[in-house]
There are 2 protein chains.
Amino acid sequence: MSAKQNQPSTSIRDPDATRQRILSAALDLFVEKGFADVAMRQIAENSGVTKSLIHHHFGSKEALWKATKEAAFELYAGLQRQDLTEAEQSDEDLLRRGVVNYFKFLQNHPKVVRLFAWAHLERDTCVGENDSGLVRLGAERIRQAQESGIFRSDVNPVHVITTFVITCTHWFEARSHHSQWEGIGSDQEFLDDFLKIFLDGLKPEHVPER
Amino acid sequence: MSAKQNQPSTSIRDPDATRQRILSAALDLFVEKGFADVAMRQIAENSGVTKSLIHHHFGSKEALWKATKEAAFELYAGLQRQDLTEAEQSDEDLLRRGVVNYFKFLQNHPKVVRLFAWAHLERDTCVGENDSGLVRLGAERIRQAQESGIFRSDVNPVHVITTFVITCTHWFEARSHHSQWEGIGSDQEFLDDFLKIFLDGLKPEHVPER
DNA sequence: TTTACTATTGACCGGCCGGCCAGTTCATTG
DNA sequence: CAATGAACTGGCCGGCCGGTCAATAGTAAA
């Protein structure tokens, strides 16, 4: 992957790979226990390097934390932007697919979900800043669909996006919380029910008086 | 409040009040920074007592954390149960009022919101266990409304409850996250839009075939 | 081969952590 | 008025924290 020249695998030192191993171990630990409860020593041990080496590559614990979040967000934004741009026109089915895609993404990336949850709690704003572009794009799609009469036009398009983003996100963030509720269904069953309510709730008013 | 006998206010020692002051300081700090990032020394300083005294009254940091969460949950459950039981029959307007009440509660108790968010992340199950009773009660109400033909019957009642609980909760938990989204409205505006979508989405099917 | 640079190590630092303990002060009770 | 026990204090402990630094080892350029 990052093999410079034709250097064979005899190369003992590979700083890129080292950084990657550190980031990976840091991600696992930060995701599990949050920033404050993780010791640099643990990260060092889990990644098979010295604590000093982490400082050499990343500078400080804070900087490593920031780098971890940025790496996670790159993954997140990359896939999301892809989903959003490859779809072309706006109709109900597009929104359904958008919700399903977002839901599936969170389902497949539980680490990202938890990492962002920690970030929210420490009032990290960079995640929110970064995806405001995605939201703008999505809201524009909704607005177009409202103008075409596909969706009701008496709701703020941003709130439509927010509603499903919030629902999907919190479903996974607080899974351990509501998974013990009696009678609650699987991921798929909840998604299906939510889509019924959400999409029918967005249908245009039946009696457009005035 | 907790004045035993007719003891005047000259009483220097008041262990109940002391415990309360410790709990209050602990709540503020835990809410702000989470369990791991709070030092017993800070709690001691903020509550005006010695670190040793906290250990005397609560035993350990973990125990204090647990006591803090339990106190918060008592407040939460008390008000929620009150809202749920004082309402009698089930109709659309009842659900609307339920959602509004829940939303307003979270709006008025940001500390509880954040405390529970920390608890979720450390996979604390006791919060979820405790309110499963509330959910059961709410779901039963929805089921009755479905039988009466007030709501669509093709969705799991628990998922109806879950949907609005999740939405309200995450709206406040991740406020710092989406407050920077361009075009997003105030608490009230979002609530209004969500209610439109949610309640209309719950209306019975228009063509009840079969 | 020499040089220069960077990746990597292990030992070490001051400081803060949660918890403990011996002692003091207060309030109740017999 | 003792005296008993709980509330409360200050000081101390071992241990872990993030971070630093001088020294070493590998690597690529000259």
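Which residues come nearest to DNA strand C? In this predicted model, 20 residues lie around that strand, and those that come nearest are A:T18, A:S52, A:H56, B:A39 and B:S60. Both chains supply elements to the surface near DNA strand C: α1 (15–33) and α3 (51–58) of chain A, along with α2 (40–47) and α3 (51–58) of chain B, each give two or more residues. Sorted by class, the residues of this surface are six nonpolar, nine polar and five charged.

The next topic is how the two protein chains meet. On the side of chain B, 50 residues are in contact with 50 residues of chain A. Five elements of chain B each give two or more residues to this side: α6 (110–121), α7 (126–147), α8 (157–173), α9 (175–178) and α10 (187–201). The largest share comes from α8(B), which gives 10 residues. By class, the side of chain B that touches chain A holds 19 nonpolar, 19 polar and 12 charged residues.

The two chains can also be compared as copies. In general, two copies of a chain are related by a rotation about an axis and a shift along it. Here, chain B is superposed on chain A by a rotation of 180° with 0.0 Å of shift along the axis, and the RMSD is 0.0 Å. That is the relation of a two-fold axis. Within chain B, the C-alpha nearest the axis belongs to B:G201, at 1.8 Å from it. As for the interface, 100% of the interface residues of chain B are also interface residues in chain A, so the copies meet through the same surface.

Last comes a pair of helices inside chain B. One is α5(B), residues 92–108, and the other is α10(B); their axes come within 11 Å and cross at roughly 150°. Angles over 145 degrees count as roughly antiparallel, so α5(B) is roughly antiparallel to α10(B). The crossing of these two helices, α5(B) and α10(B), is right-handed.

Which residues make the contact between α5(B) and α10(B)? From α5(B) come B:E92, B:R96, B:V99, B:F103 and B:Q107, and from α10(B) come B:D187, B:L191, B:L195 and B:L199. The contact of α5(B) with α10(B) has five nonpolar residues, one polar residue and three charged residues. Helix α10(B) thus appears in two settings: this contact with α5(B), and the side of chain B that touches chain A.

Methods: Residues numbered from 1 in each chain as written. Chains lettered and ligands numbered in written order. Predicted model: local features only at pLDDT ≥ 70, side-chain atom pairs only at ≥ 80, totals over all residues. Near = placed C-beta within 6 Å. Helix = DSSP H or I, 4+ residues; strand = E, 2+ residues; numbered from the N terminus. Nonpolar A, V, L, I, M, F, W, Y, C, P; charged D, E, K, R; others polar. Contact = placed C-beta atoms within 7 Å. Axes fitted to C-alpha atoms, helices over the stretch in contact; angles between N-to-C directions. Parallel < 35°, antiparallel > 145°, perpendicular 65-115°, else oblique. Left-handed = near helix turned anticlockwise from the far one by under 90°. Least-squares fit on C-alpha atoms with pLDDT ≥ 70 in both.
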